[in-house]
Each structure stands twice: as C-alpha cells, then as structure tokens.
Amino acid sequence: MRRSNLWKFILTMVLLVAAIWQLVPTFKLQGLTEQQKAEMSRDELNKLYSKAIHLGLDLKGGMHIVLEIDRQGMAKATGKQPNEITDKELSDATDRALEIIRNRVDQFGVAEPSIQKQGNDRIVVQLPGVDQERARALIGTTAMLEFKLVQEDKVLQDVLDKIDKALLGEKGQALMSDSTMFGDKPFSSLLQFVSNSEMSVMEQDRELVVKALKDPLVQAAIPPDFEFAWGIKEDREGYRRYPLYMLKKQPEITGAALAEARMGVGSNDDPSALRVDFTLVRKYANTFSRITAANIKRRLAIVLDGTVKSAPVIQGRIPNGSGQITMGNATTEEARDLAIILRAGALPAPVSIIEERSVGPTLGMDSISNGVKASIIGAIAVILFMVIYYALGGLVAVLALSFNIIMLLAVMAAFRTTLTLPGIAGIALTVGMAVDANVLIFERIREELRAGKTVRASIDAGYERAFSTILDANITTVLAAVALYFFGTGPIKGFAVTLMIGLAISMYTAILVTRMIFDWITVKWNLQKLPI
C-alpha cells in the first residue's frame, strides 16, 4: 500500500472504530426491554439516554400541547381589566412563560423538547416519550406560591356565625337545598373541626360548601381581607375529607423570594414521608424570620395556585429562611416535580391548554417498523443493482455506503440530534446521493476503459472527471438543506440537519474511501482488467 493510502486507511479505520463506539449506547438502549429499563438506576438510564440517538415525537410517541395565556388571569394578576392588557404586555408575558416552561422541561429531563412561541399569546410544546399526566401538570401549573397566615380561632368563629346568619334568610335557605337538615347553623354544620382553627369538609358536602362560598350573601359576610382556601384531599378513618382554611388574603411572602427547592424524605412523624425543602433568598430570610417570630403557635399556610399544600404550626422563629412543604400521600414523582416547578418560578399569568394531541408508542413503533422495513428493502434493491450492474465496483460502493450510514448515525448520536421520520427520509436521500456519486465515477471509469486506457489510468481519470459534477450536485443540495434549516420548523429542520451531515460524510466515503479501496485492490492483485 502506498504511503498516502496508508494514512487514509488508518484514518478511515480510526473513524470507523470511533463511530461504532459512539453507537454502542444506542444499540444497548434499543436492546433493553421496558422491565430492564425499570430495573436500572435513574442515573444509569439517564447516562444511556444522553449518549444514544434521540427519537422524535413521531417515532417515540409523546405529546403535542398548545398553551394560551389566560388574559383574564393575567388581568387579575396585574390588577387591570382584561381590555387594558396591551398586545406588547401579552407578548412579553408569553416570552417569560416560554422561558419558565423551557426551564421546567429541562429540569424534568426530557430529551430534545420543542418549545416555541406561536403568535402573541400561544406556546407550542412537543415532548417525546413522556408521562403525559406528569408533563401536563408540570407545564400547565402556574406555581403561584404564597405564605399566608391562618386566621385565629375567634376571628374564624365570628365569620362562621355571620355566614350562618346570612344563610338563615329566605335566599340562604334556597341555596342550602334542605334547610331543616342544617338547623340554625346551615354552614357550620357542614364543617368537621379537628381543632378550633383546623376544619375539614366531608367529600359529599364539598360541592355544597363550594356553592355557598361563591354566593354573594356569603361573600358579603366574609371580611374583605379574609378568604377561604381548600387543602389537599385526605383519607381519615375511612372517610375522604377536604381541609378548609380561612386565611389572610394578603400573603406574608410570595414565591418570588424562593432561592432553592429540593425534594426530601422524612419528617418527625413519619421517616418515609415526602417533603419539599425550600430556602428563601437572603433579603427575604430576614422578613421570614420576623414573621415567624411574631406569630409563634399560629399556623402559616403554604399556598400553591390557591390550594393549601400544608399549614404547619410555627414553633419558633425561623432565622435562616428555610422551611418544608409536606407532601402527604404524594408520590416521589409529584414531590420531585413540585420542587422543579418551584425552582423554575411561577408563570407570569395562568395558561390554559387549548389543544392537546398525543402520539402513542404503538404508532411510533409502527412508524419505526415500517421505516426499517422500507430501508431494508431499499438497501437490498440498491445492493443488488450495484453488484449486478457494476460487479467489483458495486461491491466497493456498497462497502463505502455501509461506512457512510454508520458514520452518519454516529455523528447524529454525538451531536444529540433527534431522529424523526423526516430524518429517516434525509438518510434515504443521502444514500441516494452517495450511490449517484459512485455511479458517476464508475461510468467515467468505464468510458476511460473503453477508450483503451489502463486500469490505473482509467481509475485516476474517472475520479478526476466525476469530481466536479459530484461537488456541484452536493453543494446545490446543501444550499437547499440550509434554506430548509433556517426557514423550516420542527421535523423539517431535522430533515435538513440529517441531509447536511449525510452529504458531508458521503463526499468522504463515495470519493476517498472507494478510491482508497480501488487503489489497494489494483496494487494488491496487479489487476490488468477491472470488472466494472
């Protein structure tokens, strides 16, 4: 082998070994069953996912959600009327919501999500391979965190008495469907008191209490700086109850003061209980210290999106600005997701899901199966044609083509590119361009052989004459791919990236690798006639 070919051979072998090594995690991941994945540790599985080729929404399954900023909710949050919200304010809120959702999704650990702004007030989110319930809660939760004091017993009792009196009138009796059932305390009789300030409502009475609290008669009986808020559903002694709290409407401190939030395990009462530990930024830690010092033995409610997550009794001053949110019967995933949501911050306005589509894994697997089947049939057809029509040249082209595909997949894995159905189309087009390049070279070599040149001279002339044509064809195709990348979205971009990578590799394999093999064959066997 000539010295220049030796270096080409060494370089090609090094690239081939590196490409196969890069693809090992992908092969390993694809070979695992769902049970084997479940048995692996989270870190080990994440490490494998991070090195493997990512499958897109159309292949892996997942969800497509369109979110819209709630103008009414935004007006409420900013103290304006809905018609006072300008387009610029709406657009700015959407931009901030997009960044917060992206931050949540990144911490959630979804590979290759697509999160894009649509118009002034919409966000399109595509998440491949996720638990849809968890993802929906993670994205759609506003995460408005507030710390509010639970009202003292005497104040609560006064308000309950006023509500009962308001409901004893004719209108109130109409509201409570069976007034004889509730006697002279139509509202209080629906409440279960755990302590003087801790009350709950049985599940069957919740709807009636909700209806009563919305009534103008009851609202007029509640002082304007107080409000009622529901807690998380509880199962006690075989009965399902909902805690109900009367809180000061003005929060003592909000989630804007949060510096860190992490899931934890264990409490004084239950070593296996889940919790979320939080820490406030330094300047709010002093405020928190002052509030807790002034309200020892009172309950401080931790309210997330209007629901009381927990309401611990303040046992003493908390000087370091840290605390806990107990998670009750929550799962590990729910506790972890809450920590993510709190760390990422609250959305600037509530969002509503206006469109949701899911791609099931079955459809994704069907797509993969059909794609693999089409690729195998196409590859066999190409191999047969090349070998039958170009004999030795065809075999060389097939060898280079195999190297081309391995390199392309390895580069996709290395750059964390997502493989989608359009991406598979890009691979197919790349293979076609590579085969086309070899056909051009082989036809030029044939012409030179027919002109009476030697094998060596025909190969040299064939590659030299075909090179400019191959280069022109690839450059024009790359330009088209660049345009698709910059002006396309989602899967179109995936197609463009795959095509550009594939064309760059095919230039190497279709010209340099096949030339190296031809040089080696002609020198090794001193060929006087080339079967091509």
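These exercises work through aromatic pairs and helix packing in a predicted model. Local features need pLDDT of at least 70 and side-chain atom pairs 80 or more, while totals for chains, interfaces and linings use all residues. Residues are numbered from 1 along each chain as its sequence is written, and side-chain values use heavy atoms, with hydrogens and water left out.

**Exercise 1. Classify the ring pair Tyr389 and Tyr390, then state the burial of each residue.**

Step 1. Apply the pairing rule: rings of Phe, Tyr and Trp (its six-membered ring) pair if their centres lie within 6.5 Å. Planes under 30 degrees apart count as stacked, over 60 as edge-to-face and the rest as tilted. The rule gives eleven aromatic pairs.

Step 2. Tyr389 and Tyr390 have centres 4.9 Å apart and planes at 90°, an edge-to-face pair.

Step 3. Check burial (buried is under 20% relative accessible area, exposed over 50%, partly exposed in between; 1.4 Å probe, protein chains only). Tyr389 has 42%, so Tyr389 is partly exposed. Tyr390 has 2%, so Tyr390 is buried.

**Exercise 2. Do the same for Tyr463 and Phe518, and place both in their helices.**

Step 1. The centres are 6.5 Å apart and the planes lie at 70°, so this pair is edge-to-face.

Step 2. Tyr463 sits in helix α18 (residues 455–487) and Phe518 in helix α19 (residues 491–525). They are 55 residues apart, so the pair links distant parts of the chain. Helices here are DSSP runs (H or I, at least four residues), numbered from the N terminus.

Step 3. Tyr463 is buried at 5%. Phe518 is buried at 1%.

Step 4. Both belong to one aromatic cluster with Phe385, Tyr389, Tyr390 and Phe442.

**Exercise 3. Which residue lies over the face of Tyr389?**

Step 1. Use the criterion: NZ of Lys or CZ of Arg within 6 Å of the ring centre and within 35 degrees of the ring normal.

Step 2. Arg446 lies over Tyr389, at 4.7 Å from the ring centre.

**Exercise 4. Describe how α16 and α17 pack.**

Step 1. Take the axes (lines fitted to C-alpha atoms over the stretch in contact; angles run from 0 to 180 degrees between N-to-C directions). Those of α16 (residues 392–414) and α17 (residues 421–450) come within 10 Å and cross at roughly 150°.

Step 2. Angles over 145 degrees count as roughly antiparallel. The two helices α16 and α17 are therefore roughly antiparallel.

Step 3. Name the contacts (heavy atoms within 4.5 Å). They include Leu401 and Leu408 of α16 and Val431 and Phe442 of α17.

Definitions and conventions:
Parallel < 35°, antiparallel > 145°, perpendicular 65-115°, else oblique.
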